[in-house]
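Q: Could you go through this structure with me and say, for each term you use, what justifies the term?

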Amino acid sequence: VRIVTNYFAMNREDLEEEYQSLKRIYKGYCDKGLKLDMSRGKPSPEQLDLSMDMLSIRDYIGETGIDSRNYGNLEGMPEARTFFAQILGAKPEEVIVGGNSSLNMMYYLVELGWRSGFADSPRPWSAGKPKFLCPAPGYDRHFRVTEYFGFDLVTVPMLPTGPDMDQVEKLVQDEEVKGIWCVPLYSNPDGYSYSDETVRRLAAMKTAAPDFKIFWDNAYCVHHLTDTPDHVLNILDECRKVGCEDRPLMFCSLSKVTFPGASVAAMAASLKNVEYILKNMFSMIISYDKFNQLRHVKFLKDANGVAAHMEKHRQIVEPKFKTVLSIFDKELGDYEKLAHWTKPNGGYFISLYTQGVAKRTVQLCKEAGVVLTGAGAAYPYGIDPDDTNIRIAPTYPPLEELETATHLLCVAVKLATVEKLLA
Ligand code: PLP
């Protein structure tokens, strides 16, 4: 029989007893002298090893005769544009293949909007008091980019179907709202994927700003962890259908396919946007690393090649996700209201939601030698108003360490909750 414990219905005496027992268990972890890092979504060394063969590829002449070692072709190697067109769901001429970071491309485009505006802007975004929509919890570094430039960050609740579209549709009535951050597939940190309705509403909504942009960061578009992957509609297609094809800017990268920080990033958008962006990029750079672009295409070949390569990642990553989820289930599942968590079909993260003790839980883990992502990191300005969310990044640590860290985390959630109830 399943025995359900409810701390929130316990009397003080029983809570005190539970507190002492949890403290003993917690001290046991502290005495182990752990030194584990689960703070960032990074591939493990074993995953990085999967791509080492790419470095033996020395061919440098592209299929149209371009010498990838030299300057030129700011828009990217033609075969790389075709490759990313498949990945992003666009035409090759709608793709710009960039350098080693998609975040860097996003930063550049926020800056372009801020300083000059886009081709459809009546004035630069910085001319007024611009705002940016931030579905939260979300990717901390997205929020940081728009905070850095001086946008007002407007929080929109993230639902299992994507951003709360009732709120988004209301907020875009304000002309100062210039854009929204989106991670449409396996969102960071919840692992949620946008529903068809969400994508269609984002495409069709009337925005007061004529130059409103959707930053569509498809960072996890090939990172499936099950045989029944999530699917998200193509935002460029949906926008085109309703006559708003200049609204979306789509991004992806091979950071977690090959080497983070040494891979290839790309973007896709309407031809009008691509032309405008390339014209403006001209003042910044002569060409990106086409040698690396070609190496990646020769190694991964096409969308099928990427899928086969990602299957190897899955063999390593899936057991880690399963380990965390099964420990949560065993250790937290029989506690009424204590915590709930997401069970993603892909991506890099699991979200754990506590009863307002995220900060204290992270602190307890840290004091026992396990570093987690800082509580609140997934919210604009780093502030989780209810102090609930903890982002779990299971990929980097070896399985055994991950098990220990997750057990400790479960003890820390209970200890922090009981502590709060006794306070
Ligand atoms: N976008 C999302 C949603 C991410 O989670 C990350 C990395 O964690 C990035 C972008 C960074 O991508 P890149 O290495 O291409 O800059």
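A: We can start with the ligand: a residue is near a molecule if its C-beta atom, placed from the backbone, lies within 6 Å of it. The model is a predicted one, and in it 13 residues surround the ligand, the closest being Ser 101, Ser 102, Leu 103, Ser 253 and Ser 255.

Q: What makes up the shell around the ligand, in terms of nonpolar, polar and charged residues?
A: The shell divides into 6 nonpolar residues, 6 polar residues and 1 charged residue, where Gly is counted among the polar ones.

Q: Why is the protein called as compact as a globular protein of its length?
A: The protein contains 13 helices and 13 strands. Its radius of gyration is 23 Å, and the globule rule gives 22 Å for 423 residues; the two values are close, so the protein is as compact as a globular protein of that length. Along the principal axes, the C-alpha atoms fill a box of roughly 75 × 50 × 35 Å, and 47% of the 423 residues count as buried.

Q: Which residues have the most contacts inside the largest nonpolar core, and what makes a set of residues a nonpolar core?
A: Such a core is a set of buried residues of the listed nonpolar kinds, joined through C-beta atoms within 7 Å. The largest one here has 120 residues, and Met 250 and Ala 266 have the most contacts inside it. Helix H13 (residues 399-422) gives the most to this core, with 11 residues, and the core draws at least three residues from each of domain 1 (7-47 + 308-422) and domain 2 (62-301). Leaving aside neighbours within four places in sequence, Ala 266 is in contact with Phe 84, Leu 88, Val 95, Ile 96, Val 97, Gly 98 and Cys 252.

Q: How many residues does each domain put into the contact between domain 1 and domain 2?
A: The domain assignment gives domain 1 (7-47 + 308-422) and domain 2 (62-301), with C-alpha centres 31 Å apart. The contact takes 24 residues from domain 1 and 28 residues from domain 2. On the side of domain 1 that touches domain 2, helix H11 (303-332), strand S11 (350-354) and strand S13 (389-392) each supply at least two residues, and the largest share, 6 residues, comes from H11. The residues of this side divide into 13 nonpolar, 7 polar and 4 charged.

Q: Why is Pro 319 called partly exposed?
A: Pro 319 is found in helix H11. A residue is exposed with 12 or fewer other C-beta atoms within 10 Å and buried with 20 or more; Pro 319 has 13 C-beta neighbours inside 10 Å, and therefore counts as partly exposed.

Q: What places Lys 301 in the partly exposed class?
A: Lys 301 has 14 other C-beta atoms within 10 Å, which falls between the two limits, so it is partly exposed. Its place is in the loop between helix H10 (290-300) and H11. The C-alpha atoms of Lys 301 and Phe 83 are separated by 7.6 Å, although these residues are 218 residues apart along the chain.

Q: How do you know whether Asn 73 and Tyr 186 are buried or exposed?
A: The limit for a buried residue is 20 or more other C-beta atoms within 10 Å. Asn 73 has 20 C-beta neighbours inside 10 Å and therefore counts as buried; Tyr 186 has 27 other C-beta atoms within 10 Å and is therefore buried. Asn 73 is found in the loop between helix H2 (45-49) and helix H3 (78-88), whereas Tyr 186 lies in the loop between S6 and H7. Neither is a glycine, yet Asn 73 has a positive phi of about 55 degrees and Tyr 186 has a positive phi of about 50 degrees.

Q: Which residues of helix H5 are buried, and what do they pack against?
A: In H5 (residues 140-149), Asp 140, His 142, Phe 143, Val 145 and Thr 146 are buried. The buried residues of H5 pack against helix H4 (102-115) and against strands S3 (131-136), S4 (152-159), S6 (177-182) and S7 (213-217). H5 is followed by Gly 150, whose phi is positive, near 110 degrees.

Q: Where are Pro 137 and Pro 189, and what is the omega of the peptide bond from Ala 136 to Pro 137?
A: Pro 137 is found in the loop between S3 and H5, and the peptide bond from Ala 136 to Pro 137 is cis, with omega near 5 degrees. Pro 189 has its place in the loop between S6 and helix H7 (196-204), and the peptide bond from Asn 188 to Pro 189 is cis, with omega near 10 degrees.

Definitions and conventions:
Residues are numbered from 1 along each chain as its sequence is written. This is a predicted model: local features need pLDDT of at least 70, side-chain atom pairs count only at pLDDT 80 or more; totals for chains, interfaces and linings use all residues. Helices (H or I, at least four residues) and strands (E, at least two) are DSSP runs, numbered from the N terminus. Domain bounds come from an automatic or database domain assignment. Two residues are in contact if their C-beta atoms, placed from the backbone, lie within 7 Å. The radius of gyration is taken over C-alpha atoms; the globule rule is 2.2 Å times the number of residues to the power 0.38.
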